[in-house]
Amino acid sequence: MRDASSWLQSLKSWSLRKSRGGSVGRCAAAGARLIGASCIIVADTNQARLDLVKNNGCEVVDLTKGTPVPDQIEAILGKREVDCGVDCVGLEAHGNGPEANKEHSEAVINTLFQVVRAGGAMGVPGIYTAADPKASSELTKMGQLPIDFGKAWIKSPKLTAGQAPIMHYNRDLMMAILWDRMPYLGAMVNTEVITLEQAPAAYKTFSDGSPKKFVIDPHGSVKKAS
């Protein structure tokens, strides 16, 4: 992409975190590959999604294992830190290891503080709303997270959070796809085109952790274009 920061081209690794669905994390992995990341690490609790990205050239971290995340990263890279990390958790982050099936809204961000190197970068498009009445703790019900800010102060990471500026990047990404700069994108995202009538069942499948990304095509436009 024309306006991507030049320093991103020399990244040694990316650490990507995902929750239910995982398609945002896979798109982040595809984007990291486009701009030249030499090692892309995807972390997840879902084995089917880990297998998918592993088959598409990514290294993986299994968050259900008792092995701490830094140890798993060290087994891949020979060191316990990455150059940058992207929190693609969506809603209701979960913990690692014994806490992998329990909601811990702060877990992903605190893990990134732990594994992103000093002076590295953190992207947080994960959704953290002002208040979540169904959260697991009284603090997170008020939209407040117990962030390990001590590590942030020590490591001085560059952190960008909030909704991704899609309109800023969509043309460059479209041109990259049209000129076949991302031939791996379809396999990485694992897209399935469905009708509008299939949408309710697809939403349930997606919520249950399917490695697929469903695209609703109510008028059969994709078939007509092909």
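**Exercise 1. Find the partner of K151 in this predicted model and say how exposed the two residues are.**

Solution. Start at the side chain of K151 and look for a carboxylate: K151 makes a salt bridge with D148, and the closest N and O atoms sit 2.7 Å apart. That passes the test, because a salt bridge needs the nitrogen within 4 Å of the oxygen. Next, check the exposure of each partner. K151 has 33% relative accessibility, so it counts as partly exposed. D148 comes out at 29%, which also makes it partly exposed.

**Exercise 2. Work out which parts of the chain the K212 and E192 salt bridge ties together.**

Solution. First the contact itself: the side chains of K212 and E192 meet at 2.7 Å, N to O. Now place each residue. K212 is in the loop between helix 9 (199–207) and strand 8 (213–216), while E192 belongs to strand 7 (residues 191–194), so the bridge joins parts 20 residues apart in sequence. As for exposure, K212 is partly exposed at 33%, and E192 is partly exposed at 28%.

**Exercise 3. Take D83 and R117: is D83 buried or exposed, and which strands does the pair link?**

Solution. Begin with the distance: D83 and R117 form a salt bridge whose closest N and O atoms are 2.7 Å apart. The pair connects distant parts of the chain, with D83 in strand 4 (residues 82–88) and R117 in strand 5 (residues 116–124), 34 residues apart. Then compare the accessibilities with the cut-off: buried means under 20% relative accessible area. D83 has 7%, so it is buried. R117, at 30%, is partly exposed.

**Exercise 4. Say how many salt bridges the count gives, and name the residues of the network that includes R80.**

Solution. Using that 4 Å rule, the count comes to 9 salt bridges. For the network, follow R80 to its acidic companions: D71, E74 and R80 are linked by salt bridges.

**Exercise 5. List the residues of the nonpolar surface patch that contains F149, and place F149 in the fold.**

Solution. Pick out the patch members: I147, F149, W153 and I154 make up a nonpolar patch on the surface. Together they have about 510 Å² of accessible area. Now zoom in on F149, which lies in helix 6 (residues 149–155). The last step is exposure: F149 has 57% relative accessibility and the cut-off for exposed is over 50%, so F149 counts as exposed.

Conventions:
Residues are numbered from 1 along each chain as its sequence is written. This is a predicted model: local features need pLDDT of at least 70, side-chain atom pairs count only at pLDDT 80 or more; totals for chains, interfaces and linings use all residues. Side-chain values use heavy atoms; hydrogens and water are left out. Helices (H or I, at least four residues) and strands (E, at least two) are DSSP runs, numbered from the N terminus. Buried means under 20% relative accessible area, exposed over 50%, partly exposed in between (1.4 Å probe, protein chains only). Patches are made of residues with over 30% relative accessible area and no salt bridge: like charges are joined within 9 Å, nonpolar side chains (Val, Leu, Ile, Met, Phe, Trp, Tyr) within 5 Å. Accessible areas come from the Shrake-Rupley method with a 1.4 Å probe; for residues, only the protein chains shown count as cover.
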